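Colleague: I am new to this structure and would be grateful for a careful introduction to one part of it. Please begin with the chain as a whole and then turn to its interior.

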Amino acid sequence: MQRIADKHSATPAQIALAWALRHPGVIAIPKAVSLDHLKQNANADSIRLDEDDLAQIDAAYAPPVRKQGLMMV
């Protein structure tokens, strides 16, 4: 995530949020502990991940093979 974040001048959390928001109609409710963090979350909407970014994320975080609870990023 850090390499992708560096590429986009973003934080890894912003990349994770951009990944979650990449499909129309998908919403996320991220945690924010400060005004700066809230602004970072809002700015994640402007990050456009390319196919290479998505492939790297998919390779690093393969989908689960069974149901499991979601982890906080």
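Among contacts in the protein chain between residues at least 6 apart in sequence, what percentage join residues at least 24 apart? With that as background, I should like a close look at the largest nonpolar core.

Modeller: The model is a predicted one. The share you ask about is 63%, taken among contacts between residues at least 6 apart in sequence.

The secondary structure of the chain comprises four helices and zero strands, so that from the N terminus on the elements read α-α-α-α. The radius of gyration is 13 Å, close to the 11 Å that the globule rule gives for 73 residues, so the chain is as compact as a globular protein of that length. Along the principal axes, its C-alpha atoms fill a box of roughly 35 × 25 × 25 Å. Of the 73 residues, 21% count as buried. The accessible surface amounts to about 5800 Å², and carbon and sulfur atoms account for 59% of that surface.

We come now to the core. In soluble globular proteins, nonpolar side chains tend to be buried together. The largest nonpolar core here has nine residues, namely I4, A5, A10, I15, A18, I47, L49, L54 and I57. Two or more residues of this core come from each of α1 (2-7), α2 (12-20) and α4.

Among the members of the core, I57 rewards attention. I57 lies in helix α4, which spans residues 51-60. Its relative accessibility is 5%, below the 20% cut-off, and I57 therefore counts as buried. Beyond its neighbours within four places in sequence, I57 is in contact with M1, I4, I15, W19 and L49. Of these contacts, I4, I15 and L49 are themselves listed in the core. A second member, A10, touches A5, I15 and I47 when residues up to four places away in sequence are set aside.

Helix α2 may be viewed from the side of its cover. Its buried residues are Q14, I15, A16, L17 and A18, and what covers them includes α1, α3 and α4. One contact between α2 and α3 can be followed through N41, which is placed in helix α3 (residues 35-43). N41 touches L17, as well as P30, K31 and A32, again leaving out residues up to four places away in sequence. N41 is buried because its relative accessible area, 11%, is under 20%.

Methods:
Residues numbered from 1 in each chain as written. Predicted model: local features only at pLDDT ≥ 70, side-chain atom pairs only at ≥ 80, totals over all residues. Heavy atoms only, no water. Buried < 20%, exposed > 50% of the residue type's maximum accessible area, 1.4 Å probe, protein only. Contact = heavy atoms within 4.5 Å. Core = buried A, V, L, I, M, F, W, Y, C linked by side-chain atoms within 4.5 Å. Rg over C-alpha atoms; globule rule 2.2 N^0.38 Å. Areas by Shrake-Rupley, 256 points an atom, 1.4 Å probe, with all protein chains shown as cover.
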